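Biologist: Can you walk me through this model? I'd like short answers I can check on screen.

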Amino acid sequence: MATLFPSKASLAPQSRHSGIVLCCAVALLAWLIGHTVLAGWLDPLVAAILLGAALRHVLPRAWQIQPGIDACAKAPLELGVVLIGASISAATLGLADLRLAALAALAAGLSFLLTLAIGRLLGLPVRSTILIASGNAICGNSAIVAAAPLIGADRDEIVTSITATATLGVGLVLALPVLGTALALDPHSHGILSGLTAYSVPQVVAAAAPMGADAIQLATVAKVLRILMLVPLVLLLPLAAGHLPGLPSPVSGQTQVQSRALAIPWFVLGFLAMIGLRQLGWFPQAWLPGIAVAAHALMLLAMAALGLSVELRVFLRSGPRLLFASTLSLLGLVALAIVVLAAG
């Protein structure tokens, strides 16, 4: 234990190394739990946050290894988002017609606005509300991470938002097949509904699987179109500066243009670049499984670090309200997706 928690005299760089080692251990344990003991029930990314948060409040002097934890919370997460872009194939994009793209954009946009209204009604902080709206409407963790720097969200707001939205994701996967059966949806409609509402790609596949291969294919395409909604998100969020209480005020003139350009996180640009490189055939097919594994590992490491940064008092203060708001937002998204699907 003495080596894991160094004295103040040796706090750096040993503390940094100790924090990184601990994050790696939590990530590995979460992967084992998510793929063995609770496979299909608990996403490893959620397990990493929960394990990290629990460990934070059990281990003594955890603050001493915070530099290493911070190192794992930022760069791996951003690089993981970049690598996700390589998972989007030309074949998948080719299946996305204008109708499906319009459905995805409409459902995401309406869900985002609905969540803003819910947050305002419940008196939630505007930054937390925007993070939940981004996660539910678009693609869960990745959208929350992309939106956070644009609105100045802090670590506590990011962690509580991810925890609230990710917790609901498991229940949604179980509920969608039941809902599809109750509504007598055909595989085509059920696949689109799953793609428009579930968070991660594995969750989308799991929700659509009971309806067969056609449903899985359409669900994946709809999910990819939701991921692409990250582009308007990062372009439009800076425009909201100063128009919503709690967000920074916009600057004027040329400085404003430069500020908006710089507001787009580098990893979002990297995500788009990876999509383009994949379509140009820069990545041999044999590389793609390895890239997918690397992206998942980086995200897992980052989630472990975020969990290890959780202050329980912060989550207890804001988590329940965020969870309630996320629940209402998710129910609204499902309802909107059904209405949009029926109208389309």
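Biologist: Start with Ser-89. Buried or exposed?

Modeller: This is a predicted model. In it, Ser-89 is buried, because its relative accessibility is 13% and the limit for buried is under 20%.

Biologist: Where is Ser-89 along the chain?

Modeller: Ser-89 sits in the loop between α3 (66–84) and α4 (90–94).

Biologist: And what does Ser-89 touch, leaving out residues up to four places away?

Modeller: Arg-278 and Gln-279. Ile-275 is also worth a look: its C-alpha is 7.8 Å from that of Ser-89, with their positions 186 residues apart in sequence.

Biologist: Now charges. How many salt bridges are there in the whole structure?

Modeller: The search finds 1. The side chains of Glu-157 and Arg-127 form the salt bridge, at 3.2 Å from N to O. The partners come from distant parts of the chain, 30 residues apart. Glu-157 is in helix α8 (residues 155–182), and Arg-127 is in helix α6 (residues 126–139).

Biologist: How accessible is Glu-157? And Arg-127?

Modeller: Glu-157 counts as buried, at 11% relative accessibility. Arg-127 is partly exposed, at 25%.

Biologist: Stay on helix α6. What about Asn-136?

Modeller: Asn-136 lies in α6. Asn-136 is buried, with 0% relative accessibility. Beyond its neighbours within four places, Asn-136 contacts Thr-165, Tyr-199, Arg-226, Ser-326, Ser-329, Leu-330 and Leu-333.

Biologist: Next, the nonpolar core. Which residues touch the most other members of the largest one?

Modeller: Leu-131, Ile-138, Leu-230, Leu-237 and Met-303. That core holds 66 residues. Helix α15 (residues 288–308) supplies the largest share, 13 residues.

Biologist: What does Met-303 touch outside its own stretch of sequence?

Modeller: Not counting residues up to four places away, Met-303 touches Leu-45, Ala-48, Ile-49, Leu-77, Asn-141 and Ile-162.

Biologist: What is in the second core?

Modeller: The second core is separate and has 26 residues. Among them are Val-204, Ala-207, Ala-219 and Leu-330. Leu-330 came up before, as one of the contacts of Asn-136.

Biologist: Asn-141 was on your Met-303 list. Which other residues of α7 are buried?

Modeller: Besides Asn-141, the buried residues of α7 are Ser-142, Ala-143, Ile-144, Val-145, Ala-146, Ala-147, Ala-148, Leu-150 and Ile-151. Helix α7 (residues 141–151) has 10 of its 11 residues buried, so the rest of the structure largely encloses it.

Biologist: What comes just after α7?

Modeller: Gly-152, with a positive phi of about 70°.

Biologist: Which residue other than glycine has a positive phi?

Modeller: Ala-184 is one, with phi near 55°. Ala-184 is in the loop between α8 and α9 (187–197). Ala-184 is exposed, at 67% relative accessible area.

Biologist: Back to α8. What's the story with Pro-177?

Modeller: Pro-177 is found in helix α8. Pro-177 counts as buried, at 18% relative accessibility. Setting aside neighbours within four places, Pro-177 is in contact with His-190, Ala-207 and Pro-210. Ala-207 is also a member of the second core. Between the C-alpha atoms of Pro-177 and Ser-194 there are 8.7 Å, and the two are 17 residues apart along the chain.

Biologist: Cysteines next. How many disulfides?

Modeller: The structure holds 0.

Biologist: Why does Cys-23 have no bond to Cys-72?

Modeller: The sulfur of Cys-72 is the closest cysteine sulfur to that of Cys-23, but at 4.0 Å it is too far for a bond. The cut-off for a disulfide is within 2.5 Å. Cys-23 is buried, at 0% relative accessibility.

Biologist: And Cys-24?

Modeller: Cys-24 is in no disulfide either. Its nearest cysteine sulfur, that of Cys-72, is 5.6 Å away. Cys-24 is partly exposed, at 39%.

Biologist: Last one, the surface. Which residues make the nonpolar patch of about 370 Å²?

Modeller: Leu-28, Leu-29, Trp-31 and Leu-32. Leu-32 is in helix α1 (residues 14–37).

Biologist: How accessible is Leu-32?

Modeller: Leu-32 is partly exposed, with a relative accessible area of 37%.

Terms used. Residues are numbered from 1 along each chain as its sequence is written. This is a predicted model: local features need pLDDT of at least 70, side-chain atom pairs count only at pLDDT 80 or more; totals for chains, interfaces and linings use all residues. Side-chain values use heavy atoms; hydrogens and water are left out. A salt bridge is a side-chain nitrogen of Lys or Arg within 4 Å of a carboxyl oxygen of Asp or Glu. Helices (H or I, at least four residues) and strands (E, at least two) are DSSP runs, numbered from the N terminus. Buried means under 20% relative accessible area, exposed over 50%, partly exposed in between (1.4 Å probe, protein chains only). A nonpolar core is a set of buried Ala, Val, Leu, Ile, Met, Phe, Trp, Tyr and Cys residues joined through side-chain atoms within 4.5 Å. Contact means heavy atoms within 4.5 Å. Patches are made of residues with over 30% relative accessible area and no salt bridge: like charges are joined within 9 Å, nonpolar side chains (Val, Leu, Ile, Met, Phe, Trp, Tyr) within 5 Å. Accessible areas come from the Shrake-Rupley method with a 1.4 Å probe; for residues, only the protein chains shown count as cover.
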